[in-house]
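Here is a short note to read beside the model. Keep the structure open and look up each residue as it comes.

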Amino acid sequence: GELGMTEHGKEPEKLDWRLDGICLILLAIVGFLLRATPELQVQGLPIGYDVGTAYLKAVLELDSGQNYLTLASLWPGQSLLYVIFQITKVFFHGDPVGLIKVVGVALFLFTNSAAYIFLRKGLRLDYKPALIATLLYMLDLGTLRISWDLFRNELALGFLFLGLTSLLRSEEDSQTIKQLGFAILWFALVLVSHQIVSVLLLVLAGIYVLQRFRPIGLWVLGAGFAGLFLLPLASKLSIAGSPILDTVVGPMDRVEPAVFLGFLYLLQIPFVIIGLLVGLKRLTQSAYMVLAGWMLFVLLIVVSSVVFYPNTFLLWDRWSYLLPLPMAVFTFLGIEYVSTLNPLRLVGSTAVSFLLVAILCYRGPSFALNPQVDRESIPHASFPSSLSQTSVGYEKQHDAYERLVRATDRLPDKSVLVVASRYRGIIDLWGIKPTLRIIQSDLEDDQSVQSLIEQLSTEQQPVFVFDAHRIRTIVDTRQFVHFGAHSIVQLLFAVE
């Protein structure tokens, strides 16, 4: 059957809440299986790096009187997520891990539902195209990566989708004032949720306004995008005290951003190119410009980081994770066009579309449900090997408690214990021997390791290091306690 997408400029048929309800339920079931399964596979720890090092610690601090229900937490703190943690904590009597796991799943379902609403009401797609495009978005590796541990980012994206929906619907004369009011509300929630998505919001708002003033607006947009591409030439630049550019000094090479982008979207590129052409007819002018501008903005950040290496945009990888929605829309438009070609019409365009989605997104379910994905196949360090990975790492998380807590119980009182920063939050959860003095440090950077060693060399008490292979290559150490791949080692210079 035909996919039934509305033509450019036409209103969609009245929403069928029965069919839309079925679509949202199907998306919720698929989303729940994808996101809840990894949480159930990992017992006692929340999945995600930032979850274990930041969110878990924030939830635990609520027990000691921390209050996030303040204006400063929302702005400029942009910590609406922590406010949600504080409000919902009352339902999870002393179970911070359970709270974080439930919120993580709920955020995934919320953002996917918001994406469907945006496609259905904002882009004016029929329910079948909206369902297929939302599946493309949900199964995207970038979407799953955000859901792994970038909860604030994910929350802000959900509000952004709803805000864009209201903004595009405001073009209907009978809805203008009401929808603009909703758009302002949703966009305000974006601004108190996440910094990077807030920047994206301002860019998209600028695109929406400028594209309405042709041809001058398009010239301004072109100049703005050209300036964005050339921005790394400035080497150092900050906004409101926050740097936006970086000079690479680590192991990253010039082509890494391009390789990483190919890892995410190589198979979709032909469909996206077709979709960009089809979209000129299928989407309204405003919707097309916002989505195409969104995609171009993020791609310029990544490509510019390749061209002007070692001067790159700070967190270029985080920016690339904002591509899934425009990529899903234009990929779908390409799929919709290909599926209606004469040789495929006998099968039915909807069946062909679902088949192509399955082929393009086969890695998503594997990444979410298989805890033992080959790490060597992933070309960027910030991307986990699977959705089941915690901040401790998949290989170590299953017996990290025994390795750390039981081993440290054997250390002398008043000893200094240096622990990698990825255990931040987890140490507070487990309750390490209280007579130890804990130092948490980023032990992955040579410069920080050298600085830490100089500091430790003046200690009067014995100094032990847990799970820090890099420091062991720099300082002469002797094994103290050994558990498999982990060791607690004592720094010899600290021995009396």
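Leaving aside neighbours within four places in sequence, which residues is Trp-294 in contact with?

1. This is a predicted model. Start with Trp-294. Its contacts beyond the nearby sequence include Leu-160, Phe-161 and Leu-164. Leu-200, Leu-204 and Ile-207 also touch Trp-294. Leu-322, Leu-325 and Pro-326 complete the list.

2. Now widen the view. The largest nonpolar core has 138 residues. Trp-294 is among the six members that touch the most others. The other five are Phe-85, Leu-123, Leu-160, Leu-283 and Leu-322. Helix H14, residues 285–307, gives the most to this core: 13 residues.

3. Another core lies apart from that one. It has nine residues, including Val-418, Ile-439, Val-465 and Val-489. In soluble globular proteins, nonpolar side chains tend to be buried together.

4. Look next at the surface. Ile-25, Ile-29, Phe-32 and Leu-33 form a nonpolar patch there. Together they have about 400 Å² of accessible area. Take Ile-29, which lies in helix H1, residues 17–41. Is Ile-29 buried or partly exposed? Ile-29 counts as partly exposed because its relative accessible area is 46%, between the cut-offs of 20% and 50%.

5. Finish with a charged residue's place. Arg-120 sits in helix H5, residues 96–122. Arg-120 counts as buried because its relative accessible area is 4%, and the cut-off is under 20%. What does its side chain reach at 2.9 Å? The side chain of Arg-120 reaches the backbone oxygen of Leu-125.

Key
Residues are numbered from 1 along each chain as its sequence is written. This is a predicted model: local features need pLDDT of at least 70, side-chain atom pairs count only at pLDDT 80 or more; totals for chains, interfaces and linings use all residues. Side-chain values use heavy atoms; hydrogens and water are left out. Patches are made of residues with over 30% relative accessible area and no salt bridge: like charges are joined within 9 Å, nonpolar side chains (Val, Leu, Ile, Met, Phe, Trp, Tyr) within 5 Å. Accessible areas come from the Shrake-Rupley method with a 1.4 Å probe; for residues, only the protein chains shown count as cover. A salt bridge is a side-chain nitrogen of Lys or Arg within 4 Å of a carboxyl oxygen of Asp or Glu. Helices (H or I, at least four residues) and strands (E, at least two) are DSSP runs, numbered from the N terminus. Buried means under 20% relative accessible area, exposed over 50%, partly exposed in between (1.4 Å probe, protein chains only). A polar contact is a pair of N or O atoms within 3.5 Å; within protein, one must be able to donate a hydrogen and the other to accept it, and residues adjacent in sequence count only if both atoms are side-chain atoms. A nonpolar core is a set of buried Ala, Val, Leu, Ile, Met, Phe, Trp, Tyr and Cys residues joined through side-chain atoms within 4.5 Å. Contact means heavy atoms within 4.5 Å.
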